[in-house]
Amino acid sequence: MRTGVWLVGARGSVATTSIVGALALRAGLTDPTGCVTELPELRGPALPAFADLVLGGHDVVATPLTKRAEALAAAGVLPARLVDALVGELAGVEAALRPAPTGGTQAERAAAVARDLTDFRRRHTLDRVVVVNVSATEPVATAHPAHHDLAALRDALAGPDEVLPTSSLYAYAAFTAGCPYVDFTPSTGARLPALATLAHEHGLPYAGHDGKTGETLVKSVIAPMFAMRHLAVRSWSGLNLLGGGDGATLAEPAANAAKVGSKQRVLGETLGYVPQGDTRIDYVEDLGDFKTAWDLVTFAGFLGTRMRMEFTWHGCDSALAAPLVLDLARLTAAAHAVGHTGPLAELAFFFKDGIDAPAHSLAEQWTVLCDFVDALHAGAGR
């Protein structure tokens, strides 16, 4: 199943790491460590092989992909030997990247994106193209009446106003071009009623949002422990320090607020109440593509005895996110192939704030995911 993976923000750190990783897996130069879809419980005939993935994308910057990969190697994110070995393959992906459309109305920009997607699919003789948003976090979208009605949205996009945030405009363009859409960011993406209507019109699945790669991943494991042991969590405070492009973006208060909101939801949804405390995100330029999170949890046990726990998470955001991007592209392509339409709630395992998530603890989400993938493999075998 030849599958296109179209990355929005294709020259960013997460996208570049995903591209290098996919090329290295195709060439047999690395192991699929971190790729959930390569676990025995999920591997099977429904998923496109790494060799079947064809990479492309949009970005607003024009730095050559090889330069981005070399910079990430120098920062310790990518092995330099892989970048050196894949220069020719990276040049091939470079040829498939396109500048993000600018100017004109939003309808014109969406049409230009849709043309690029259609051309990519035809040029490479692809069965389908999955669009994955890995661009910078946006502020929470400003409400607009057209967000609730597809006909009104189409009319509004032809006007002079910026009706949709960029992530949602890409979802609109993807659905128009017949492509499933995944939002790996906390941005609005496909989470608008009018876009849900458009996805159903075209019979397309979509998933998101905000990939679960660090502190929230740990929360989704530890919070259910407190709930299942009937321990009262009194406070949960977290400090996140990160550098890189994502950190610089999150230094903006509006983008920061959108990210924090996504990170905090897991506690209320898992515990059934919101303890005291908050999550803070600070930009530390010197950390580059690495991040550190420190959490302090206070809780009460039998007879009100006060206790506490702390944990620290040190990670490389791009290396944690990239295999999940490939997982999500493969799973969404498989879901599309067997006729799934609408939000893929079963993929909540991968997200901080999964659309229509049926469960909130990582263990429960894992069970839901395994059942879903079993059904995909059964459907592919028919």
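**Notes on a predicted model: hairpin, sheet, rings and cavities**

1. Leu303 sits in the loop between E9 and E10. Keep in mind that this is a predicted model. Leu303 is not a glycine, yet its phi is positive, at about 65°. Is Leu303 buried or exposed? Leu303 counts as exposed, because its relative accessibility is 75% and the exposed class begins over 50%.

2. Now look at the strands on either side of that loop. Strand E9 covers residues 290–300, and strand E10 covers residues 306–316. The two run antiparallel and are joined by eleven bridges. Five residues lie between the strands of this hairpin. To find your place along the pair, start from Asp295, which stands opposite Phe311 in E10.

3. A second residue deserves the same check. His230 is also not a glycine, and its phi is positive, near 55°. Find His230 in the loop between H9 and strand E7 (232–242). His230 has a relative accessible area of 76%, so it is exposed.

4. Turn to the open sheet. How many strands form it, and in what order? There are seven, in the order E3-E2-E1-E4-E5-E6-E11. The pairing is parallel. Strand E3 (97–99) and strand E11 (342–343) are the edge strands, since each pairs on one side only. Strands of a sheet pair through backbone hydrogen bonds, either parallel or antiparallel. You can compare both kinds here: E9 with E10 is antiparallel, while the open sheet is parallel.

5. One pair inside the sheet makes a good example. Strand E1 (residues 3–8) lies alongside strand E2 (residues 53–59) in the parallel sense, over six bridges. Val8 stands opposite His58 in E2. When you trace the side chains, recall a general rule. In a regular strand they alternate between the two faces of the sheet.

6. Next, the aromatic rings. A pair of aromatic rings is described by the distance of the centres and the angle of the planes. The whole structure holds seven aromatic pairs. One of them is Phe175 with Tyr181, with 6.3 Å from centre to centre and 75° between the planes. This pair is edge-to-face. Both Phe175 and Tyr181 are buried. Together with Tyr206, these two residues form one aromatic cluster.

7. Phe349 and Phe350 are another pair to inspect. Why is this pair called edge-to-face? The planes of Phe349 and Phe350 stand at 85°, and the class takes angles over 60 degrees. The ring centres are 5.3 Å apart. Phe349 is buried, with a relative accessible area of 15%. Phe350 has 1% relative accessibility and counts as buried too.

8. A ring can also meet a charged side chain. Arg330 lies over the face of Phe50. The distance to the ring centre is 4.3 Å.

9. Now the empty space. Rolling a probe the size of a water molecule over the atoms shows where empty space is left. The count is two cavities of 30 Å³ or more. The largest has a volume of about 40 Å³. Its lining includes Tyr181, Asp183, Arg191, Tyr206, Gly208, His209 and Ile355. Which elements give two or more residues to this lining? They are strand E5 (181–183) and strand E6 (205–208). E6 gives the largest share, three residues. By class, the lining has five nonpolar, four polar and two charged residues.

10. The second largest cavity holds about 30 Å³ of space. Among its lining residues are Ala207, Gly208, Leu344, Leu347, Phe351 and Ile355. Seven of the lining residues are nonpolar, two are polar and none is charged. Note the shared names. Ala207, Gly208 and Ile355 line the largest cavity and the second largest cavity.

11. Finish at Gly208 and His209. The peptide bond that joins them is cis, with omega at about -5°. His209 belongs to the loop between E6 and helix H9 (215–228). Gly208 and His209 are both in the lining of the largest cavity. Tyr181 and Tyr206 are in that lining as well, so trace the cavity wall back to the aromatic cluster, which these two form with Phe175.

Definitions and conventions. Residues numbered from 1 in each chain as written. Predicted model: local features only at pLDDT ≥ 70, side-chain atom pairs only at ≥ 80, totals over all residues. Heavy atoms only, no water. Phe/Tyr/Trp six-rings, centres within 6.5 Å; stacked < 30°, edge-to-face > 60°. Buried < 20%, exposed > 50% of the residue type's maximum accessible area, 1.4 Å probe, protein only. Lys NZ or Arg CZ within 6 Å of the ring centre and 35° of its normal. 1 Å grid on protein atoms, 1.4 Å probe; cavity = no way out; pocket = protein on both sides within 12 Å on 5 of 7 lines; lining within 4 Å. Points joined across faces, edges and corners; volume = space filled by probe spheres on them. Helix = DSSP H or I, 4+ residues; strand = E, 2+ residues; numbered from the N terminus. Nonpolar A, V, L, I, M, F, W, Y, C, P; charged D, E, K, R; others polar.
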